[in-house]
Amino acid sequence: MASKEIIKDAEHRMKRAVEKIQEEFAKIRTGRATPALVDTVKVDYYGSTVPLSQAATISVPEPRLIAIQPWDKSMIGEIEKAILKSDLGLTPSNDGTFIRIPIPQLSEERRKDLARLAKKIAEEGRIAIRNVRRDANDHLKKLEKEHEISEDELKIVLEEVQEITDKQIGEIDKLLEHKEAEIMEV
């Protein structure tokens, strides 16, 4: 029974690594507007610092424009300052009701840099998954040494761990391929 728990834990940890990669990829700016671009922006909202999404409605009315409508119009200046202070390199403009953030076209050089960053993030994810595999394999081999599972069962569960590993690394590869296509899209 312990071997099944180890496999289940390893699979869960690998899936978390893939989810983390998805979150990291969402933060990489492409030439297209997406609400995820401003996810990291924090706003001083009545004395406490909160994510922008908790102080305003964020929408994408056009492929190269993010529109932000604060729930409280008096917060518009605060939100604009927070966007300018962020490391996004975006310039917001407001009309007293909405904040509009135009997303400029990316240069070829910037696209290549972002593609390299995406590859680096994907490789970190693959490494995390391989580390989980190594931990699971070590635990399983320890169980076999303690005679809790047989040598044949060890071989079967090690193959199962490898299949899960291959599947999750395949997921990361698909995510990377999609993100690279998105970045290089003009």
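**View 1. β4 meets β6 in this predicted model.** Strand β4 and strand β6 (residues 99-102) run antiparallel and pair over four bridges. Want to find the pairing by eye? Look for Ile 66, which stands opposite Ile 101 in β6. Then move to Ala 67, whose bridge partner in β6 is Arg 100. As a bit of background, strands of a sheet pair through backbone hydrogen bonds, either parallel or antiparallel.

**View 2. On its other pairing, β4 joins β3 in a hairpin.** Here strand β3 (residues 56-62) and strand β4 (residues 65-70) pair in the antiparallel sense, this time over five bridges. Two residues sit between the strands of this hairpin. Which residue in β4 stands opposite Ile 58? That would be Ile 68. You can also pick out Ser 59, opposite Ala 67 in β4. Ala 67 is worth a second look, since we've already met this residue with Arg 100 of β6 as bridge partner.

**View 3. Zoom out a little and you get an open sheet of four strands.** Read across it and the order is β3-β4-β6-β5, with antiparallel pairing. Which strands stand at the edges? They are β3 and β5 (93-94); each has a single partner strand, so one side of each is left without a neighbour in the sheet. Helix α2 (residues 76-85) packs on this sheet and touches β3, β4, β5 and β6. The direction of α2 makes about 20° with that of β6. And is β4 mostly buried or exposed? Five of its six residues are buried, so β4 is largely enclosed by the rest of the structure.

**View 4. Helices α3 and α4 pack against each other.** Two packed helices are described by the angle between their axes and the distance between the axes. For helix α3 (residues 108-145) and α4, the axes come within 10 Å and cross at roughly 170°. An angle over 145 degrees counts as roughly antiparallel, so that is how α3 lies relative to α4. What sorts of residues make up this contact? They divide into 16 nonpolar, five polar and 13 charged. You can check the length of α3 too: at 1.5 Å a residue, its 38 residues should span 56 Å, and the end C-alpha atoms are 55 Å apart, which agrees. Just after α3, have a look at His 147, which takes a positive phi of about 60°.

**View 5. Gln 168 sits in helix α4 (residues 151-184).** Is this residue buried or exposed? Gln 168 has 4% relative accessibility, and because buried means under 20%, it counts as buried. So who does it touch? Leaving aside its neighbours within four places in sequence, Gln 168 is in contact with Met 14, Lys 15, Val 18 and Ile 129.

**View 6. Gly 47 lies in the loop between β1 (42-45) and β2 (48-51).** At 71% relative accessibility, Gly 47 is over the 50% cut-off, so this residue counts as exposed. How far is Gly 47 from Leu 106? The two are 59 residues apart in sequence and 36 Å apart in space, going from C-alpha to C-alpha.

Terms used
Residues numbered from 1 in each chain as written. Predicted model: local features only at pLDDT ≥ 70, side-chain atom pairs only at ≥ 80, totals over all residues. Heavy atoms only, no water. Buried < 20%, exposed > 50% of the residue type's maximum accessible area, 1.4 Å probe, protein only. Contact = heavy atoms within 4.5 Å. Axes fitted to C-alpha atoms, helices over the stretch in contact; angles between N-to-C directions. Parallel < 35°, antiparallel > 145°, perpendicular 65-115°, else oblique. Nonpolar A, V, L, I, M, F, W, Y, C, P; charged D, E, K, R; others polar. Pairing = 2+ DSSP bridges. Expected span 1.5 Å × (residues − 1).
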